[in-house]
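User: I'm new to this one and keep tripping over the labels people put on it. Could you walk me through why they apply?

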There are 2 protein chains.
Amino acid sequence: MKDKLEINLGLEGTYFSKSEICKIDGIKGKLYYFGYSIEDLTDKSNFEEVSYLLMNGYLPNRKKLSDFSHQMAEQRDIDNNVINFIKRMVGKSHPMHILSTAMDMVGSYDKKAESDNELNKTKAINIISKISSITAAIGSLSTNGKYTNPDASISHIENFLYMFNGIKPNMEATKLMDTMFILHAEHGSNASTFSSIVTASTLSDINSAIVSGINTLKGPLHGGADERALRMLYGIKEKPVQQYINKILENNGRIMGFGHRIYKTYDPRARIIRTMLKSLLPNANDEVKILADTAFNVEKEMKTRMEDRHIYPNLDFFSGQVYRYLDIPIEMFTPIFAASRSPGWCSHILEYWKNNRLIRPLFYYTGEVDLPYKRIGDR
Amino acid sequence: MKDKLEINLGLEGTYFSKSEICKIDGIKGKLYYFGYSIEDLTDKSNFEEVSYLLMNGYLPNRKKLSDFSHQMAEQRDIDNNVINFIKRMVGKSHPMHILSTAMDMVGSYDKKAESDNELNKTKAINIISKISSITAAIGSLSTNGKYTNPDASISHIENFLYMFNGIKPNMEATKLMDTMFILHAEHGSNASTFSSIVTASTLSDINSAIVSGINTLKGPLHGGADERALRMLYGIKEKPVQQYINKILENNGRIMGFGHRIYKTYDPRARIIRTMLKSLLPNANDEVKILADTAFNVEKEMKTRMEDRHIYPNLDFFSGQVYRYLDIPIEMFTPIFAASRSPGWCSHILEYWKNNRLIRPLFYYTGEVDLPYKRIGDR
């Protein structure tokens with residue numbers, strides 16, 4: 001029996017369930033999806049295979065991967081009503097709002113929304129496929145007002161970039177975006193995944209649970225962080241970096257893109273993106289070069305100040321510069337995060353349902369009881 | 001330092017934050033909103049005043065209540081695009097799906113979606129007002145295909161029934177529905193409220209957090225329970241009740257509408273609805289009379305079997321019969337639950353933000369690490 005007065009603020013350090021999906025070793029700086037290291041997966045695998053892994057728990061053979069990719073490709077089309085909604089909303093609302101509403105609509109249009117669980121893996125594939133199409137459509141419609149129909153003959157990531165830009169991507173762009181999708185695909189019980197599981201724990205449907213994930217990811221303390229980190233880098237482009245950092249830290253402010261509740265060493269995902277960013281800089285335009293230069297300076301300065309406190313750059317610190325290299329508008333970063341995280345959300349929902357338990361923690365009550373109800377004239 | 005291997009399944013018994021909004025005394029069977037008993041509130045207050053209480057923490061004087069009611073009334077109109085979406089979807093999708101998408105659209109149309117927190121109380125009033133209009137519109141459009149414009153000159157509940165039925169309600173219907181709204185307005189850290197808070201904890205916006213609440217409430221283990229309880233009662237209308245109960249319990253099934261994770265005695269809300277139901281039976285039609293008769297028989301039979309185990313009827317067991325007395329279609333029960341719970345959700349989001357902390361519990365990892373990545377041909 002635990003002490004009833006212990007309050008686990010933010011549920012930090014509280015275990016709420018078992019899982020075999022993701023190991024985050026915050027001390028060694030390692031990350032595994034179903035036992036495979038993030039280094040191996042970004043180096044040797046691709047997003048479709050990683051999605052299969054997250055849905056099934058093992059790596060597929062050629063036949064299984066081909067069937068899975070085919071199934072994903074078949075689900076790429078977006079309902080016309082959803083396209084029209086996106087067309088009406090771009091420029092008027094943040095892309096994350098448009099994405100959550102559009103994905104909620106996908107749930108509304110799902111004729112089998114109330115069906116039993118055997119359909120859920122199929123629904124997950126539909127979600128992973130459609131959220132990328134919808135994100136690309138929002139990106140394209142908000143930048144150039146055009147909608148490009150999906151192409152079922154190319155890979156998931158190629159199609160994403162094709163729908164986003166209206167032209168088929170080259171190999172470099174595809175590999176970069178594929179790596180970004182893999183790096184964001186899964187990360188344990190982060191707030192958006194946990195939110196999806198809370199929704200799923202009432203036996204609500206998988207699509208509704210994903211919408212909870214999207215709406216939770218939207219917050220600046222979670223998925224919005226890479227957008228914020230890049231805006232910070234833009235903001236300090238021309239100032240001396242030391243001075244900027246001192247000013248923020250002296251006012252108890254936060255340097256965006258640093259620190260993580262789990263990692264007490266260098267975030268392995270940040271290390272991968274950092275290496276990638278270094279390798280593409282020779283071909284980058286001035287905007288990206290200046291951003292990266294600022295970022296590396298901030299990192300260096302923060303190292304002297306923060307290494308003792310185990311505060312390092314996280315994933316969000318470098319990802320914005322890779323997205324900018326690919327000419328992705330800043331407001332699309334979080335929707336892309338959502339599209340790439342969708343296999344992780346689905347994986348956790350499906351796993352949790354195998355041993356479902358309603359999630360209902362407690363408040364420690366600090367208010368009154370038995371207050372007398374006075375008539376309105378006597379108040 | 002707590003034992004790191006302790007897993008709090010479903011977070012049962014785990015305190016995650018302090019709150020002064022709601023006291024649920026599961027032993028004495030008492031419920032308080034900001035210190036006022038649910039008996040006093042249902043007997044002497046009304047839904048608008050209770051919403052004010054939940055937003056502000058104290059009961060208003062005449063002037064404050066009048067200003068608040070006026071502000072609520074001003075927000076009743078629904079955007080035409082949302083009305084058109086509802087028109088397209090009714091009959092094709094469950095009203096809860098339509099409601100979550102429609103409320104997500106309300107967030108998308110919110111021009112100040114990304115604004116700072118000082119607007120949040122105003123946004124909460126908008127949400128509480130609009131979710132009722134939208135729920136009524138879904139109810140009306142799905143039963144008779146008609147949309148009734150809101151009327152700002154009548155009370156929140158009168159307007160809800162007016163938009164739902166197309167005619168102004170009588171005093172009895174208004175009082176009944178008002179009581180149902182108050183009874184459902186707040187209930188501590190239930191799954192939907194917790195889900196709203198998880199979303200809010202990333203500093204996502206209040207509307208997105210409410211959508212998480214709606215999507216979580218949707219599940220049959222939570223808001224869907226009254227719909228399920230009534231369907232059960234319909235199902236056993238003509239059979240001997242004892243026989244039905246024995247069959248379910250022998251197969252380890254669940255009698256819907258019984259038991260609660262917090263209440264280990266009679267649910268005070270169930271007691272209030274039960275009394276209300278008894279009083280209106282003389283004027284009820286045969287459908288409601290038969291349903292209530294079955295319900296009272298089920299309750300009696302369950303008492304002999306379950307009193308030792310502290311399993312009693314909960315709110316959901318009797319609410320369906322009151323809704324049916326008001327001729328509310330069964331699929332509208334959960335959307336009405338959402339509309340009435342919205343002040344509770346908003347109250348908790350606003351309170352949590354005063355001392356915000358990202359909610360991120362942990363999984364206990366049971367999987368592998370360092371699996372060798374084999375090439376696809378070698379699998």
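Analyst: Happy to. Two strands pair if DSSP finds at least two bridges between them. Keep in mind that this is a predicted model.

User: So what makes strand S1 of chain A and strand S5 of chain B a pair?

Analyst: Strand S1 (residues 15–19) of chain A and strand S5 (residues 362–365) of chain B share 4 bridges, running in the parallel sense. At least two bridges are needed, so these strands count as paired. Within that pairing, A:Lys18 sits opposite B:Tyr364 in S5(B).

User: Why is the link between A:Glu49 and B:Arg379 called a salt bridge?

Analyst: The closest N and O atoms of A:Glu49 and B:Arg379 are 2.8 Å apart. The cut-off is within 4 Å, for a side-chain nitrogen of Lys or Arg and a carboxyl oxygen of Asp or Glu, so the label fits. Between chain A and chain B the count is 6 salt bridges.

User: And which helix gives the most to chain A's side of the contact?

Analyst: That's helix H5 (residues 95–109), with 9 residues touching chain B. Chain A's side splits into 43 nonpolar, 38 polar and 24 charged residues.

User: How do you know how much the two chains cover up?

Analyst: Buried area is what the two parts lose on being put together, summed over both, so the figure for chain A and chain B is about 9,900 Å², with 58% on carbon and sulfur atoms. In chain A, the biggest losses to chain B fall on A:Tyr15, A:Arg360 and A:Phe363, together 10% of what that side buries.

Notes: Residues are numbered from 1 along each chain as its sequence is written. Chains are lettered from A and ligands numbered from 1 in the order in which they are written. This is a predicted model: local features need pLDDT of at least 70, side-chain atom pairs count only at pLDDT 80 or more; totals for chains, interfaces and linings use all residues. Side-chain values use heavy atoms; hydrogens and water are left out. Buried area is the accessible area (1.4 Å probe) that two parts lose on being put together, summed over both. Helices (H or I, at least four residues) and strands (E, at least two) are DSSP runs, numbered from the N terminus. Ala, Val, Leu, Ile, Met, Phe, Trp, Tyr, Cys and Pro count as nonpolar, Asp, Glu, Lys and Arg as charged, and the others, Gly among them, as polar.
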